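Student: I'd like to practise asking why things get the labels they get. Can we go through this one together?
Tutor: Sure, have a look at it and ask away.

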Amino acid sequence: MIRYLTSGESHGKAMLAILDGVPAGLSVDEEMINAELSRRMLGYGRGKRMGIESDRVEIFSGIRRSVTIGSPIAMVVRNVDHSIDTLPAVLEPRPGHADLAGVLKYDLKDIRSVLERASARETVARVCVGAVCKRLLSEFGIKIASHVTMIGSVEASTGELGFNQIVTIAEKSPVRCADPDASKLMCAEIEEAMKGKDTLGGVFEVIIKGVPPGLGSYAQWDRRLDGRLAFALVSIQAVKGVSFGIGFDAARRRGSMVHDEIFYDKKRGFYRSTNNAGGIEGGVTNGEDIVIKAAMKPISTLRSPLSSVNIKTKKAVKASVERSDVCAVPAAGVIGEAVCAIEIANAMVEKFGADSLREMKRNYSGYIEQLKHF
Ligand code: EPS
């Protein structure tokens, strides 16, 4: 089983992750993880912090001569801004942030002790874990990409674009959007929000290609892969909703207009001509691409703050203003890829369970062969 924990405060010494369950024999180098960390830092609308940090991972254990050895992998990304002990106390909770709920829960008198851990900077550690999982998945031809489909009121139209086109266009866009016209409008909308001292949310899509049928299970509720992916995505700071395939649109259509008809061809095996389900049926992959959308609410730190209450004096005040992003949807897409990679890697290890990559590949090939003779 692949599992992991993260640790670290936004302005503490470092962000840390311990990843357990990666088979031995997988080549992993720091540069590959750094490339994912760099992607996470980009995006039009990010705050000043991204100009201060240049996130780079240090692998502390579990990897010898750039190859996994089956032991837990510890990764550290040091924070350049590690001013946590000198930062002033915060007493005015921001609506929408963990601030108020956090102090009440942990009986803390300074909101800083909450916001430091609740911050989306924690996702640095998840991106490190996701990069190693992506590396494992690439051994099985599984690719994961993301692109932004909406920021504020601007929606992208990616129509008939294929996976590779989406990746190429989105990676060049300042908002990671695969529709160049929408990209420009999104940047303009972010600028407007910035001028208005406001923030913006949006929607990103994660596409996972090359997944074999049969990952996840309908046999028990907590083994359903859609449930696990949804949990992983909603656990990203500010993500409020997730949908698979055509998502909520399926609720207003008749069954005949929703379900993907089944075909068979000697070369391809079973296949569909549509993918409204987004690659998962009954909590199990069906061999089509997994397509998931996630909705992110606007960042809750507003430079023109909303009403709040001082937690000490109980007097009406304006919420605190921290340095923050105006829009972080492009970065959230990269984080979405990471958390999905972790869930898919876990489902792969579960199905082809192995101590070494060689053993896992043997199990995988045996299953693919079995499918050919189904
Ligand atoms: C982030 C680092 C943070 C914020 C942002 C994400 O840095 P700082 O608070 O020092 O400016 O920019 O965090 C939030 C939006 C939040 O609500 O906590 C990062 O590394 O992604």
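Student: Where is Ser173 placed?
Tutor: Ser173 is in the loop between H6 and helix H7 (180–195). Before we go on, keep in mind that this is a predicted model.

Student: Okay. Why is Ser173 called buried?
Tutor: Compare two numbers. Ser173 has a relative accessible area of 11%, and buried means under 20%. So 11% earns Ser173 the label buried.

Student: What does the side chain of Ser173 reach?
Tutor: The backbone nitrogen of Cys177, at 3.0 Å. There is also a contact of 2.6 Å between the side chains of Ser173 and Ser183.

Student: What makes that second one a polar contact?
Tutor: The distance is one part of it: the N or O atoms have to be within 3.5 Å. The side chains of Ser173 and Ser183 are joined at 2.6 Å, so the pair passes that cut-off.

Student: Now helix H6 itself. Which of its residues are buried?
Tutor: In H6 (residues 163–172) they are Phe163, Ile166 and Ala170.

Student: How do you know that the buried residues line one face of H6?
Tutor: Look down the axis of H6: its buried residues fall within an arc of 60 degrees, so they line one face of the helix. On the face of H6 turned away from that buried side you find the exposed residues Asn164 and Lys172.

Student: Let's try Glu53. Where is that one found?
Tutor: Glu53 sits in the loop between helix H2 (49–52) and strand E3 (57–61).

Student: Is Glu53 buried or exposed?
Tutor: Buried. Glu53 has a relative accessible area of 4%, and the label needs a value under 20%, so the name fits.

Student: What does the side chain of Glu53 contact?
Tutor: The side chain of Arg49, in a polar contact of 2.8 Å. A polar atom of the Glu53 side chain also lies 2.7 Å from the backbone nitrogen of Val80.

Student: Arg56 is in a loop as well, right? Which elements does that loop lie between?
Tutor: Between H2 and E3.

Student: Why does Arg56 count as partly exposed?
Tutor: Arg56 has 46% relative accessibility. Buried would need under 20% and exposed over 50%. The value of Arg56 falls in between, so partly exposed is the label. Here's another pair of numbers: Arg56 and Glu31 are 25 residues apart in sequence and 8.4 Å apart in space, C-alpha to C-alpha.

Student: And what makes Asp107 exposed?
Tutor: Asp107 is at 55% relative accessibility, and exposed means over 50%, so Asp107 gets that name. Asp107 is in the loop between helix H3 (99–106) and helix H4 (112–118).

Student: What is phi for Asp107?
Tutor: Phi is near 55 degrees there, a positive value in a residue other than glycine. Ser66 has a positive phi too, of about 65 degrees, and is not a glycine.

Student: Why is that worth pointing out?
Tutor: Because most residues other than glycine have a negative phi.

Student: On to strands. How many bridges pair E11 with E12?
Tutor: Strand E11 (residues 262–265) and strand E12 (residues 269–272) pair over 4 bridges, in the antiparallel sense. Pairing takes at least two bridges, so 4 is enough for these strands to count as paired. E11 and E12 form a hairpin, with 3 residues between them, and the bridge partner of Phe263 is Tyr271 in E12.

Student: Why are E8 and E10 called edge strands?
Tutor: The open sheet has 5 strands in the order E8-E7-E9-E15-E10, with antiparallel pairing. Strand E8 (154–155) and strand E10 (239–244) each pair on one side only. Elsewhere in this sheet, 7 bridges join strand E9 (residues 202–209) to strand E15 (residues 290–296).

Student: Last one, the ligand. How do you know that His11 makes a polar contact with the ligand?
Tutor: A polar side-chain atom of His11 lies 2.6 Å from an oxygen atom of the ligand. The cut-off is within 3.5 Å, so the pair qualifies. Arg46 has a polar side-chain atom 3.0 Å from a ligand oxygen, and for Arg121 the distance from a side-chain N or O atom is 2.9 Å. The protein covers 91% of the 470 Å² of accessible area that the ligand has on its own.

How values were computed:
Residues are numbered from 1 along each chain as its sequence is written. This is a predicted model: local features need pLDDT of at least 70, side-chain atom pairs count only at pLDDT 80 or more; totals for chains, interfaces and linings use all residues. Side-chain values use heavy atoms; hydrogens and water are left out. A polar contact is a pair of N or O atoms within 3.5 Å; within protein, one must be able to donate a hydrogen and the other to accept it, and residues adjacent in sequence count only if both atoms are side-chain atoms. Accessible areas come from the Shrake-Rupley method with a 1.4 Å probe; for residues, only the protein chains shown count as cover. Helices (H or I, at least four residues) and strands (E, at least two) are DSSP runs, numbered from the N terminus. Buried means under 20% relative accessible area, exposed over 50%, partly exposed in between (1.4 Å probe, protein chains only). The arc is that of the directions from the helix axis to the C-beta atoms.
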